[in-house]
Amino acid sequence: MSEVKKPKNVREPLFHLAKRDNLSGKKALLIRLSAIAVGILITCIFGFLIVGWTPLDILQTLIDGTFGTSNRRWDLMEKTAILLCISLAVTPAFRMRFWNIGAEGQTLVACLVSGACMLKIGDKVPNPLLLLIMLVASVAAGALWALIPAIFKAFWNTNETLFTLMMNYVAAQITSYYVYIWSVPKGSGHVGIINSTTKAGWLVSIGDKPYLLTILIVAVMTVISYIYLNHCKHGYEISVVGESEKTARYIGINVKKVILRTMIISGAICGLTGFLIVSGADHTFIKDSVGGLGFTAIMVSWLAKFNPLAMTFFAFLIAFLGKGSNEITTLTGLDSSFANIVTGLVIFCVIGCEFFINYTIRFRKKETPAAEKPVAPAKTDEPEAETETTEKEAQS
Amino acid sequence: MSAVPAIELKGITKTFGDVIANQDIDLSVYRGEILSILGENGSGKTTLMNMISGIYYPDSGHIFIDGEEVLIRSPKDAFQYKIGMIHQHFKLIDVFTATENIVLGLTDGRYDLAAYEKRVQEICDRYGFNLDPKKKIYDMSVSEKQTVEIIKVLFRGADILILDEPTAVLTPQETDRLFDVLRHMRDDGKAIIIITHKLHEVLSLSDRVSVLCKGRYVGTVVTKETDEMKLTEMMVGAKVDLNIHRSDPVNPTPRLIVNGLNCKNEDGIPVLKNISFTAMSGEILGIAGIAGSGQRELLESIAGLQQLESGEISYMNPASGETEDLRNKSPRRIRELGVRLSFVPEDRLGMGLVGNMGIIDNMMLRSYETGRGFFLNRTAPASLADQIISDLQVVTPDAKTPVRRLSGGNVQKVLVGREIASAPTVLMVAYPVRGLDINSSFTIYRLLNEQKEKGVSVIFVGEDLDVLIELCDRILVLSSGSISGIVDPRSTADEKSLKEQIGLLMTKKVEDAPATAANVKAAEAAEAVEAPETGKEETERE
C-alpha cells in the first residue's frame, strides 16, 4: 500500500463533517453556555462599534440596567414571569405538534376581558369577587380563542398555523375597537389607568412587593405544567399524538378529543397571563398589551425543548437581554431596535451552537508515513470492542 | 474478466460518532462480473456503497478505479467515474414519463424528447428491459419504477452499477426478470455490485460474494465454491440452524371469522374486495401478495383502524364462548370488549411504537390507561421493559433510550415483545422480519411459533415466500384486494412448484363479484383447482 501515489489533480477536502452520536449532557451544557457567552461578547463588540463604549462598560450597563436597583430587579422578575407564563401556555400545544402561534391573540382577548370587568363592574362587586370574576372570564376568553382553531383542526384538518395567526389580528382589531369606545377622555385612544383611586380589580400585593403574587403564581404554574406534561396520562397522550397520530389511533386514543382538550388548556393559560398583565401590572389595556410576547414565547418554548423547567432559564435570559439593552438605548439615545438586535445576536448563537452539538468537524490529517495505514484511533477502539461483546452475548 | 479491477477499495474506514460503520474494508470488482455484498443488518453494506457513490466521504482508505486512485467527494464525482447507484427508495417524479425522469437534470445539449425516447428504447432493447418510455410513473408497477431507476444510471453512461436490495419489492417472477437483465449487463462488460441478504439470490446470480460482518470485511468467495451454510457462517460468525420448526396445529377452532369484507381508501378506490376467511386458534395463517395488495388494510380493518364499506368481523371469545362483532369499533372499544387482539403493524416506528420515546414509555402505550388516578404509573411498564430486554436480548444502552436509536431487529423485538406480553388470543403481524438480520428473524419466528403452540391464532403477512411456506399452516394469497386462493404449504412436497403457484396467484385477476355468500363460495370453489385446501376450509366454516 505504501507505493500508492496520491492523484495530483485531486486533493482530500480540508475538513469534513461527522455526526456525533451521543454527547454527554455536561458537554452539551458547556457548549450552550459558551454560546451564550460568545453571543454576549459579540454584543459587546457590536456595542463598541456603534456606541463607542468599551465592552466592559456595555457589560456593566447590561447588568446595571437589570439588577441595579430593587425596582429593576422586581421588574425583571415580573417580565420573566409573564414571558414564562405564555411560554408555558404554548408548550402543551407544541408538544402535540400543534403550532399554536396565536398566543398573542389569546392573551390579548384575556387582557381585554379583564379590563372590561374592571371598567364595567369594578364598583359594583367586592374586590375579591371581582378578581375571581376577572380570572374566570379571562381564562374562558383565552380558552375560547384557542378552541376555535382547534375545532377546525380536529374536524376539518385546517392548517392551525395560519388559523391561529389570523385569530391574532381579529383579537387586535376587537381590542382597538373597545379601546376607542372606552377611551378616557372620549376619542383620546387611551383607556388610561383603570380604577386608579379605588384600585378595584388590582391584584393584591404581598407585603410591599407588587409583583410577588404574579411571580408566585407563575412559579406554581411552571411546576404544575412540568408534572402535567411528564407524569400525567394527559401529558402522555399529548406526546403520543404529537409524535405520531397513527400511533395514537393504533392504541385507541381519541385524537380529536386530545387536540381540543390540549388547546383549551393552552388558551386557558394564555388567559391567565392576560389577567396577570392587566390586573397585576398594567391596570389598563391597549392594542399592544401583550407586545409580541406571544411570539417571543414560541422561541422560549423551542429553546427549552418544551421543558417547562428549562424555560425558566430562557425566559430569564431574554427578559434580561431586553431590559439590559434597553438601558443602553436610554443612556445613549439609540433607537429601541438596539435591544432587538442584542437579543437576536445572543439567540442566534444559542441556536447556532446546536450544530456543534450534533456534528463534529474533522480536519484533514497531515500526511506522514505513519498515517499511511489508517486505523481508528485507540480511543474509539475500546467502546467498539464493548458493543461487539454485547452483541455477541445477544446472539448466543 | 480483465486483470485490473474496475473498482477497488483498500482499507476503507468510516465512523459515525463512536459507531464504527466500516473498518479497514478491502473490496474489488472486475468488469464483466456480478459481485454480491452479503451481511446482516448494520454490517455496513449500505454505508460502504454510499462511499463509492459519493454520499459519504471515508475517514480513511483508498479507492481505485481501473487501477488509478481517485477521490469521490460527491455524487457528481462518482458519476464522473461512471459509477451509478440504484437506491432502495426510488427518487422519481410521479407525473413525469419514464423518459422525462431519466433525462431529468441532464444539462448537455438540446432538450429533444423524441431523441431521448429513442435512446431509452435502445437501452431497453439492448439489455432486455420491458418498458414503455412514454409511460407516466404513477401508472407504473414497482418493478417498472425500478427499471426506470436502472435505465437512469445506464443512460448517463454508468458502467459500474450498484444495486441496494433491489429484490425486496419484487415478486418472484419480477426478480427472475431483473436477474436476466443483470446477467445481460454483465455479459456486456459492466461491473455490477448487488447488496442483498437473501442467500438463494446470491447463489443464483453472482459470480463472487464478499461478506461483511459488523463493519468488518470477512472475505470473498467464488459463488460456485460455496453454499448457504458456509455463507451464513461467514456472515454471522457462527453456525446457524436455518430450519424453521413447524408443529401441527393442536385442536384448531375458529377464532376470527371475516366475511365479505369491502373497504375503500381515502381516494375512494376499493382496496379490499369481498374478503372472507376464518383464522383458527393454534395455527399460523400466512398472507401472501405483492406489496400493496390490501394486506395492510385487511389487518387494520380487523384492528379497528379502517372504516369498512360492508362485511362482518366476528371474534369467538375463547374465555366466554361468546361471539363479538368487531366491525367498525375503535381499538379502545375492542379492548374494552375483552378481545385480546395484538397487532404488530408494518410501520414499526410510525405506528406500533413512538420513535422518540424510550422502551418504558413505549410499553405504556398499551397500558397507560390502567389505574384510576390522573397520574401515570411507570412501575409496571418499567418492569415489563426490563423483562423484554432480558428475555429477547434487546441490545440497548438502557430502557430509556429512544427506540429509534436501536437497530431494526431490536426495535422489532420491543414491539413484538409488547404485543405478546398482553397474552393475546389473536396476534396479527405484518412483515415482522422486514429488514431484520438472520438471528433476529429467527427469534421472531420462534416467538410466533410459541404463540401458536399456546393456542393463539396468528395471522402473518409476509413477503419472503420461502419463509411463508416453511412457517405457515395455511397461506392466503391476496391479489389487488381480493383473495385469489388459499394454499396448503404442506400439500406439495416440491417447494419450487408451490412457490410458482403462489407467485401466479399473486398476480391473478379476480373477477369482481357482489358480496353475497353464494358468490364467495362459487369463487372459492373455482379456485379449488389450484388450491385444493379451500374446499376443506369451506366445510370447516359451516
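Here is a chat about ring pairs, charges over rings and salt bridges in a predicted model.

Colleague: Let's start with rings. What makes Tyr116(B) and Phe155(B) an aromatic pair that is edge-to-face?

Modeller: Two values settle that. Their centres are 5.9 Å apart, and the cut-off for pairing is 6.5 Å. The angle between the planes is 65°, and over 60 degrees counts as edge-to-face. So both parts of the label hold. By this rule there are 25 aromatic pairs over all chains.

Colleague: Where do Tyr116(B) and Phe155(B) lie in the chain?

Modeller: Tyr116(B) is in helix α4 (residues 113-127) of chain B and Phe155(B) is in helix α5 (residues 142-155) of chain B. They are 39 residues apart, and the pair links distant parts of the chain.

Colleague: Why is Tyr116(B) called buried?

Modeller: Because its relative accessible area is 8%, and buried means under 20%. Phe155(B) has 7% relative accessibility, so Phe155(B) counts as buried as well.

Colleague: What lies over the face of Phe155(B)?

Modeller: That's Arg119(B), at 4.3 Å from the ring centre. The distance limit for a charge over a ring is 6 Å, so 4.3 Å passes that part of the test. There's another case with residues from chains A and B: the charged end of Arg366(B) sits over the ring of Tyr250(A), 4.8 Å from its centre.

Colleague: What about Phe442(B) and Tyr445(B): why is that pair edge-to-face?

Modeller: Because the planes are 75° apart, and the label needs over 60. Their centres are 5.4 Å apart. Both residues lie in helix α15 (residues 438-453) of chain B, three residues apart, which is about one turn of the helix.

Colleague: Are Phe442(B) and Tyr445(B) buried or partly exposed?

Modeller: Here the labels split. Tyr445(B) is buried at 5%, while Phe442(B) counts as partly exposed at 22%. The line is drawn at 20%, so 22% doesn't qualify as buried.

Colleague: On to charges. How do you know that Arg72(A) forms a salt bridge with Glu327(A)?

Modeller: The closest N and O atoms are 3.4 Å apart, and the rule asks for within 4 Å. So the pair passes. Arg72(A) lies in helix α3 (residues 70-95) of chain A and Glu327(A) in helix α12 (residues 308-332) of chain A, so this salt bridge ties together parts that are 255 residues apart in sequence.

Colleague: Why do side chains like these pair up?

Modeller: In general, side chains of opposite charge can pair when their charged atoms come close. A search of the whole structure finds 36 salt bridges over all chains.

Colleague: What makes Arg126(B) and Asp188(B) a salt bridge?

Modeller: Their closest N and O atoms are 2.9 Å apart, set against a limit of 4 Å. The pair links distant parts of the chain, with Arg126(B) in helix α4 of chain B and Asp188(B) in the loop between α6 (172-187) and β8 (191-196) of chain B, 62 residues apart.

Colleague: Why is Arg126(B) called exposed?

Modeller: Because Arg126(B) has 54% relative accessibility, and exposed means over 50%. Asp188(B) comes in at 32%, so Asp188(B) counts as partly exposed.

Colleague: Which residues do salt bridges that share partners join into one network?

Modeller: Asp248(B), Lys452(B), Asp473(B) and Arg490(B).

Key. Residues are numbered from 1 along each chain as its sequence is written. Chains are lettered from A and ligands numbered from 1 in the order in which they are written. This is a predicted model: local features need pLDDT of at least 70, side-chain atom pairs count only at pLDDT 80 or more; totals for chains, interfaces and linings use all residues. Side-chain values use heavy atoms; hydrogens and water are left out. Rings of Phe, Tyr and Trp (its six-membered ring) pair if their centres lie within 6.5 Å; planes under 30 degrees apart count as stacked, over 60 as edge-to-face and the rest as tilted. Helices (H or I, at least four residues) and strands (E, at least two) are DSSP runs, numbered from the N terminus. Buried means under 20% relative accessible area, exposed over 50%, partly exposed in between (1.4 Å probe, protein chains only). A charge sits over a ring if NZ of Lys or CZ of Arg is within 6 Å of the ring centre and within 35 degrees of the ring normal. A salt bridge is a side-chain nitrogen of Lys or Arg within 4 Å of a carboxyl oxygen of Asp or Glu.
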